[in-house]
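Subject: The structure I promised you

Hi there,

Here is the structure we talked about, with the sequence alongside. Have a look around first, then read on.

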Amino acid sequence: MQNKITSLPDFNGTMLAEARMARGLTQSQLAEISGVTKQSISNYENGKQSPRLASIERLASSLNVPSTSFYAKHNSKENAPIYFRSLTKLTKKEREKAQIKLTWLARLLEYYEKFLEIPAVNIPKELDISHLYKSISDGEIEEIASKCRKSFGIGDGPISNVTMLMENNGIIIVEMPLDIKEEDAFSRWMLEASRPVAVLVSSKPSACRARFSLAHELGHLVMHRQIHPTKENLKEIERQANIFASAFLLPAHSYVRDFSYPSLDVLRLLKEKWKVSIQAQVIRCFQLGLISEISKRNFFINISKRKWRSKEPLDDTIPFEQPKILKESTRLLCTEGGVTFNDISHETLLSLGDIAQLTGVSFDEEYISKTKKPKLKEIETKNNVINFPTRN
């Protein structure tokens, strides 16, 4: 009788640590949940000891990850900057959690792009101001926003759907319920995939705020791709991203033409057309010289009196924009590529829940439960590429 295998010598402790941090757990907390001692977990993560199969299963179950993920080689080389809004208010645990989720997203994208022709990245490199951001003027940032619009093939009017526009130009947009109170969104250029990603933290205060957040992250992806945020430069690059977002969403020439009179009622009407919050419009009006510093202050006093600071008019009626690239990619793989949801999990070493969260897919989708068993090797051999449909 063959001896029963009770341990795996190729267990990768780095992957255990990654999964633990992605769940926001300390070693002590994981020990309490899994029943595996803290000392053992530390030894596993540091490569000092290989766990028995029973411990591996308990850890995988507690972390809700495939047990096979612990055997994989850790080959992530991502060291590109992540553009968080704050470096001081975010905890180390929050930063680690976000970074690992982006690593998982990169892994998922790498798999999807074997079979899918996802929209190409269309962000001109000449708009990057990383090497001269300290000397760039606000007027030059306005011009960069205008050039970005032209590159995207849109005029100077309102943008009906910022999410769709960015996705059609190769930017992956994801919603993650990360429970990061100080962040509405963050972004990163994924170097290995040569693709930018913008993440919306799923607090969803309003559709207009989410749109501005995406435009803000677009500013970072366009202008700051080689800048690593630090305590010394963060305030300035955040300011520049805000100017970019304002100019991108509200181009000077066309917005000024719509502006008739400095009143909250006028800004409310313009909000319905431009889908930009009243408060963001007040800032834009000041930037364009349409109102004075005193007028700006009075606007915000009146906004506070009307209790519009946290919730403005139309916030309940302007619909949220939904990212669709990853959701549609999953559907295409499962319906036209012969791949099942379980196979995506097997190939990416991500749990079904994590894949659903990253892609926005619901387990209620019929194609998830009814797809046939795939033949991944045949697909790879034939080098089938499914063209992603263009969305207007």
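Below is what turned up, going from the whole chain down to single residues.

First, some ground rules. This is a predicted model, so to speak of a local feature we need pLDDT of at least 70, and side-chain atom pairs count only at pLDDT 80 or more, while totals for chains, interfaces and linings use all residues. Residues are numbered from 1 along each chain as its sequence is written, and side-chain values use heavy atoms, with hydrogens and water left out.

**The whole chain**

The chain has 18 helices and 6 strands. Both are DSSP runs numbered from the N terminus, where a helix (H or I) needs at least four residues and a strand (E) at least two. Of the 392 residues, 53% count as buried. Buried means under 20% relative accessible area, exposed means over 50%, and partly exposed is in between (1.4 Å probe, protein chains only). The accessible surface comes to about 19400 Å², and carbon and sulfur atoms account for 49% of that. Those areas come from the Shrake-Rupley method with a 1.4 Å probe; for residues, only the protein chains shown count as cover.

Now for contacts, meaning heavy atoms within 4.5 Å. If you take those between residues at least 6 apart in sequence, 75% join residues at least 24 apart.

**Two nonpolar cores**

In soluble globular proteins, nonpolar side chains tend to be buried together. A nonpolar core here is a set of buried Ala, Val, Leu, Ile, Met, Phe, Trp, Tyr and Cys residues joined through side-chain atoms within 4.5 Å. The largest core has 56 residues, and those touching the most other members are Leu16, Phe70, Leu105, Tyr112, Ile172, Phe186 and Ile344. Helix H5 (residues 92-112) gives this core its largest share, 10 residues. There is also a second, separate core of 55 residues, which includes Ile159, Ile237, Leu250 and Val276.

Try clicking on Leu16. Leaving out residues up to four places away in sequence, the residues Leu16 touches include Phe11, Leu30, Tyr44 and Phe70.

**Salt bridges**

How many salt bridges does the structure hold? There are 16, each being a side-chain nitrogen of Lys or Arg within 4 Å of a carboxyl oxygen of Asp or Glu. Here are some to look up:

- Glu18 and Arg107 meet at 3.0 Å, N to O. Glu18 is in helix H1 (residues 13-22) and Arg107 is in helix H5, so this pair ties together parts that are 89 residues apart in sequence. Glu18 counts as buried, at 7% relative accessibility.
- Asp258 pairs with Lys273, with the closest N and O atoms 2.7 Å apart. Asp258 sits in helix H10 (residues 252-258) and Lys273 in helix H11 (residues 264-274), so parts 15 residues apart in sequence are tied together. Asp258 is partly exposed at 23% relative accessible area, and Lys273 is partly exposed at 43%.
- Asp315 pairs with Lys271, again with the closest N and O atoms 2.7 Å apart. Asp315 lies in the loop between helix H13 (293-305) and helix H14 (325-335), and Lys271 lies in helix H11, 44 residues apart. Asp315 and Lys271 are both buried.

Asp138, Glu236 and Arg239 are joined into one network by salt bridges that share partners.

**A charge without a bridge**

Which side chain of opposite charge is nearest to Asp128? That is Arg225, 4.3 Å away; Asp128 is buried yet has no salt bridge. (Lys and Arg count as positive and Asp and Glu as negative; His and the chain ends are not counted.) You will find Asp128 in the loop between strand S2 (116-117) and helix H6 (138-152). Beyond its neighbours within four places in sequence, Asp128 contacts Val222, Met223, His224, Arg225 and Gln226.

**Two positive phi values**

Most residues other than glycine have a negative phi. Asn64, though not a glycine, has a positive phi of about 55 degrees. Asn64 lies in the loop between helix H4 (53-63) and strand S1 (82-83) and is partly exposed, with a relative accessible area of 46%. Leu349 comes just after H15, with a positive phi of about 65 degrees. In helix H15 itself (residues 341-348), the buried residues are Phe341, Asp343, Ile344, Ser345 and Thr348.

Happy exploring!
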